[in-house]
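Reader: I should be grateful for a close look at the central sheet of this protein and at what packs against it. Please define each term with its cut-offs as it arises.

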Amino acid sequence: MGVSTNQKRVFIKWYLDNYKTERREMVWLLEYILKREHILQNIHFVFEAHLCPRSIIISTDDEVKRPFRYYKDHVVTTDVDKAFHDIRLNPDETMYVEIIFDGNRQSVEYAEVLEDNPYLPDDYYLENEDYIFLENILEESSHHSKINILKNKIDYALDIGDVQSFNKWSKELKDLMERKKYKS
């Protein structure tokens, strides 16, 4: 089940009570949303809202140069009034909201309203080093698997007394082990 409108309402009130936004229009926008059940139903709090087709990012972080951003179909604006008018005219459209404040990733209040971002690629948070690490794990796993398969083939050749197969699989195992040694 998703986040209830009451939970969203409680979070927005908590946020407004605890954090000061740079521009008064941002407070008015949140208060407008807060008072309209049908709009709250279509609001979803997510991380990385900039990846969504229609979203708002509000920030109280002093490091952020643009404390308000509104995204719609790959167009971005910092004009709160444009966002307000679009929300007012299209209250039934889904809106994704990200609020950036000090400690937002550790905030229990924020966590209670957060939902999965359906536009976030599965590998979004992976960095190049992660891909290299994963590739090494897969390579190592594949190597061990090949060794085990060859050892099983060698054992079977011994069990049935097949010298030719034993020699073939033993040579292949030796070659595989040497190739691995040269890569390391």
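Author: The account below begins with the chain as a whole and then turns to the sheet, the helices against it, two residues in its strands and the aromatic rings.

This is a predicted model, in which local features need pLDDT of at least 70 and side-chain atom pairs count only at pLDDT 80 or more, while totals for chains, interfaces and linings use all residues. Residues are numbered from 1 along each chain as its sequence is written, and side-chain values use heavy atoms, with hydrogens and water left out.

The protein chain contains seven helices and five strands; helices (H or I, at least four residues) and strands (E, at least two) are DSSP runs, numbered from the N terminus. Their order from the N terminus is α-α-α-β-β-β-β-α-β-α-α-α. Of the 184 residues in the protein chain, 35% are buried, where buried means under 20% relative accessible area, exposed over 50% and partly exposed in between (1.4 Å probe, protein chains only). Among contacts in the protein chain with a separation of 6 or more, 65% are between residues 24 or more positions apart; contact means heavy atoms within 4.5 Å.

The five strands form an open sheet of mixed pairing, in the order E1-E5-E2-E3-E4. Two strands pair if DSSP finds at least two bridges between them. Strand E1 (43-45) and strand E4 (75-77) are the edge strands, each pairing on one side only. On average, neighbouring strands of this sheet are turned by 20 degrees against each other, direction ignored; axes are lines fitted to C-alpha atoms, for helices over the stretch in contact, and angles run from 0 to 180 degrees between N-to-C directions. E2 and E5 run parallel and are joined by five bridges. Ile58 has Ile99 in E5 as its bridge partner.

Helix H1 (residues 5-18) packs on the sheet, where it touches E1, E2 and E5, and its direction makes about 65 degrees with that of E1. Helix H4 lies across E2, E3, E4 and E5, running at about 45 degrees to E3.

H4 (residues 80-89) has Val80, Ala83, Asp86 and Ile87 as its buried residues. Seen down the axis of H4, these residues fall within an arc of 130 degrees, so they line one face of the helix; the arc is that of the directions from the helix axis to the C-beta atoms. The cover over them includes helix H2 (24-34), helix H3 (37-41), E2, strand E3 (68-72) and strand E5 (95-100). Exposed Lys82 and Leu89 are carried on the face of H4 turned away from its buried side. At the start of H4, a side-chain oxygen of Asp79 comes within 2.9 Å of the backbone nitrogen of Asp81.

The backbone nitrogen of Asp79 also lies 3.0 Å from a polar atom of the side chain of Thr77. Such a polar contact is a pair of N or O atoms within 3.5 Å; within protein, one must be able to donate a hydrogen and the other to accept it, and residues adjacent in sequence count only if both atoms are side-chain atoms. Thr77 belongs to strand E4 and is buried, at a relative accessible area of 19%. Not counting residues up to four places away in sequence, Thr77 touches Phe68, Arg69, Tyr70 and Lys82.

Ser55, in strand E2 (residues 54-59), is buried with a relative accessible area of 0%. A polar atom of the Ser55 side chain lies 2.8 Å from the backbone oxygen of Ala49. Leaving out residues up to four places away in sequence, Ser55 touches Ala49, His50, Arg69, Tyr70, Tyr71, Met95 and Tyr96.

The whole structure holds 14 aromatic pairs. Rings of Phe, Tyr and Trp (its six-membered ring) pair if their centres lie within 6.5 Å; planes under 30 degrees apart count as stacked, over 60 as edge-to-face and the rest as tilted. Trp14 and Phe101 make an edge-to-face pair, 5.8 Å centre to centre with 65 degrees between the planes. Trp14 lies in helix H1 and Phe101 in the loop between E5 and helix H5 (108-111), so the pair ties together parts 87 residues apart in sequence. Phe101 is buried, at 3% relative accessible area. Ring pairs link both residues with Phe11, Tyr15, Tyr19, Phe45, Phe47 and Tyr110 into a cluster.
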